[in-house]
Amino acid sequence: MADYEMGYKGKKCQLSMKKLILIAVILMWIKSIVYSQDANNHCTKLQSSFVHHLRYPKDLEKASIPSFFTLKVQYDEKTKQFNLEFSDSAHPLMIKELLRIKDKLDFNVVYDDLNMGKRDIPIMIPVEIRLARVSKEFSDPKSKVSQDLYNFNGTQVFGDVYFYAPLVLTVIND
Amino acid sequence: MKSIKFILIILYAVINSVYAQDKGKIDNFKKFENSFLRNFKYPPQLQERCIPVLTLMVISFDQYGKINSLRFSDSAYPQFIAEVQRVREDIDFESLYMDLKSLGKETEKIIIPIQIDTGVFGECESGILQFDLINLYLFDNKPLKGKFFLYKKILSKIFMARAIS
């Protein structure tokens, strides 16, 4: 009888151990959700729709040419639309591609994230399409990519702007 | 006679205002840029290997026109930052401050993009790598974010010639 009781007690103890582990696992899980939400702010929302919809132009991928340029976003109060401009370092094919997925990108979150009450100042979002293998041509001393990051139609942006975290896509080309 | 006088006065006013604009706007940035490039010696370790400078300088002033903070994005090499710190006192930041004040932007955080190409004659010439561009918007590994005043850039080329031996 005593033995049985002992066994029973032991079992009870085991059960509560299991429960404890379960609680611990749940706690860790909740913590990870809260934590990932923290890192997963508006920025990655825009970033994930960018990564999800963008197809890097095949010609650029084949030629191993990465893309580095600035997307200038300006809100038009009258039409309630976002006007996009591309810095002079953007390849025409890449401009075409971004315009194709334009409606999939929700820029409202950017304004919210930056706590902008008025939407009168342009937002500069760097765009980086990184390639695993880059052609030598891209790093040629005569390349104008880095000089044209803030040039739009030949003139550099000069004035108040908001900068936002870059939109990044890494393409494994071979 | 009256109309000639009138035309002369207008001409005088126009010439004067054009001159004043010229002096006030363009000179101060040029003065700052010139003093930066005149004092800055391209770090030999970087020059020998044809490594260019590509970075964002973020600067803010206090209410007295003294530098509050001066930072460079992560694409700047330590040798470059050390060199700027070495010549910091000789760089004419005052002209920069005066220019900002004339624009009413002296209290804002200022971004000055910097690109200085380099090379050794007959040996190598620098080019911008993907790696440099990836680190351009990072400050201590965090992406640049927020309101800034985007200013003119410093763009230059500093080459070295080896002595014939």
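How many helices and strands does chain A have? Chain A has five helices and seven strands, where helices (H or I, at least four residues) and strands (E, at least two) are DSSP runs numbered from the N terminus. Along the sequence, the pattern of chain A reads α-α-α-β-β-α-α-β-β-β-β-β. A few ground rules help here: this is a predicted model, in which local features need pLDDT of at least 70 and side-chain atom pairs count only at pLDDT 80 or more, while totals for chains, interfaces and linings use all residues. Residues are numbered from 1 along each chain as its sequence is written, and chains are lettered from A and ligands numbered from 1 in the order in which they are written.

Of the 174 residues in chain A, 21% are buried, meaning that 20 or more other C-beta atoms lie within 10 Å of the residue's own, with C-beta atoms placed from the backbone (12 or fewer is exposed, and in between is partly exposed). Two residues are in contact if their C-beta atoms, again placed from the backbone, lie within 7 Å. Among the contacts in chain A with a separation of 6 or more, 85% are between residues 24 or more positions apart.

Next comes the meeting of the two chains. Chain A and chain B each put 25 residues into the contact. On the side of chain A that touches chain B, the elements giving two or more residues are β3 (123–131) and β6 (159–163) of chain A. The largest share of that side, five residues, is from β6(A). Sorted by class, the side has 15 nonpolar, six polar and four charged residues; Ala, Val, Leu, Ile, Met, Phe, Trp, Tyr, Cys and Pro count as nonpolar, Asp, Glu, Lys and Arg as charged, and the others, Gly among them, as polar.

β6(A) also runs antiparallel to strand β7 (residues 146–150) of chain B, joined to it by five bridges; strands pair if DSSP finds at least two bridges between them. Within this pairing, G159(A) has L150(B) as its bridge partner.

Over in chain B, helix α4 (residues 93–103) has L96(B), Y97(B), D99(B) and L100(B) buried. These residues sit on the same side of α4(B), because they cover an arc of only 160 degrees around the axis, taken from the directions from the helix axis to the C-beta atoms. Just past α4(B), G104(B) has a positive phi of about 75 degrees.

As for confidence, chain B has a mean pLDDT of 89, with 85% of its residues at 70 or more; pLDDT is the predictor's confidence in each residue, from 0 to 100. The complex gets an ipTM of 0.80 and a pTM of 0.79 from the predictor.
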